[in-house]
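Colleague: Could you take a close look at one helix for me and then tell me how it sits in the rest of the chain? Keep it relaxed, but be specific.

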Amino acid sequence: MIKVLVVDDDESISQNLKTILEELGYISDTAYNGEEALRKIRENHYEVALIDLLLPDMDGLQLLIEAKKASPTTSIIIITAFGTIPNAVEAIKRGASDYVTKPFRIDDL
């Protein structure tokens, strides 16, 4: 089973994504800030982490760097409602597997 971590400070988005992923057969977990996400990444193995670009305690790109250090094999997908080409390029340079703007279709993930 593929294990996915959803990191978004908006609880409704996190819970909706978690529910959808579980309905599709994935094991999913949530974190609402960067610190919680890093703790979970260090304690568990996730094949994929969906990380919001804007978090209350940490920039999503910084979390991306720390998450890749803690778990190099985890695929990181940055999700954001404030997508820009420079942010997308920077995320990919820092090791993101993809960059998706909100709102998105679940098929895009």
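**A close look at α3**

Modeller: Let's start at the N-terminal end of α3, which is capped by Asp-59: one of the oxygens of that side chain lies 2.8 Å from the backbone nitrogen of Leu-61. Keep in mind that this is a predicted model.

Leu-61 itself belongs to helix α3, and because its relative accessibility is 7%, Leu-61 counts as buried. Setting aside residues up to four places away in sequence, Leu-61 touches Leu-53, Glu-90, Ala-91 and Arg-94. Two of those partners, Glu-90 and Ala-91, fall within the span of α4, residues 85–93. There's a distance to go with that: from C-alpha to C-alpha, Leu-61 and Ile-92 are 9.8 Å apart, with their positions 31 residues apart in sequence.

Leu-61 has buried company in the helix. Gly-60, Leu-63, Leu-64, Glu-66 and Ala-67 are buried in α3 as well. A bit of helix geometry helps in reading that list. With 3.6 residues to each turn of an α-helix, residues three or four places apart point the same way. Now try it on the buried set, which includes Gly-60, Leu-63 and Ala-67, and also Leu-64. As for what lies over these buried residues, the cover includes β1 (3–7), α2 (34–43), β3, β4 and α4.

Gly-60 also gives us a way across to β3. Asp-52 sits in that strand, which runs over residues 48–52, and Gly-60 is one of the contacts of Asp-52 once neighbours within four places in sequence are left aside. The others are Val-7, Asp-8, Asp-9, Ile-79, Thr-80 and Lys-102. Asp-52 is counted as buried because its relative accessibility is 5%, under the 20% cut-off.

Follow the chain out of the other end of α3 and you come to Thr-74, in the loop between α3 (60–70) and β4 (75–80). Thr-74 has a relative accessible area of 2%, so it is buried too. A polar atom of the Thr-74 side chain lies 2.7 Å from the backbone oxygen of Tyr-46. Beyond residues up to four places away, Thr-74 touches Lys-68, along with His-45, Tyr-46, Glu-47, Val-48 and Ala-49.

For contrast, have a look at Gln-15 over in α1, residues 11–23. Gln-15 is partly exposed, at 33% relative accessible area. Its contacts, leaving aside neighbours within four places in sequence, are Thr-30 and Tyr-32, and the side chains of Gln-15 and Tyr-32 are joined by a polar contact of 2.7 Å. From Gln-15 to Ile-78 there are 17 Å between C-alpha atoms, and 63 residues along the chain.

Now zoom out. The protein chain has 4 helices and 5 strands, and from the N terminus they run β-α-β-α-β-α-β-α-β. Of its 109 residues, 42% are buried. The radius of gyration is 12 Å, which agrees with the value near 13 Å for a compact globule of 109 residues. Along the principal axes, the C-alpha trace spans about 35 × 30 × 25 Å. Among contacts between residues at least 6 apart in sequence, 60% join residues at least 24 apart; Leu-61 touching Ala-91 is one example from the helix you asked about.

Notes
Residues numbered from 1 in each chain as written. Predicted model: local features only at pLDDT ≥ 70, side-chain atom pairs only at ≥ 80, totals over all residues. Heavy atoms only, no water. Helix = DSSP H or I, 4+ residues; strand = E, 2+ residues; numbered from the N terminus. Rg over C-alpha atoms; globule rule 2.2 N^0.38 Å. Buried < 20%, exposed > 50% of the residue type's maximum accessible area, 1.4 Å probe, protein only. Contact = heavy atoms within 4.5 Å. Polar contact = N/O pair within 3.5 Å; in protein donor to acceptor, adjacent residues only side chain to side chain.
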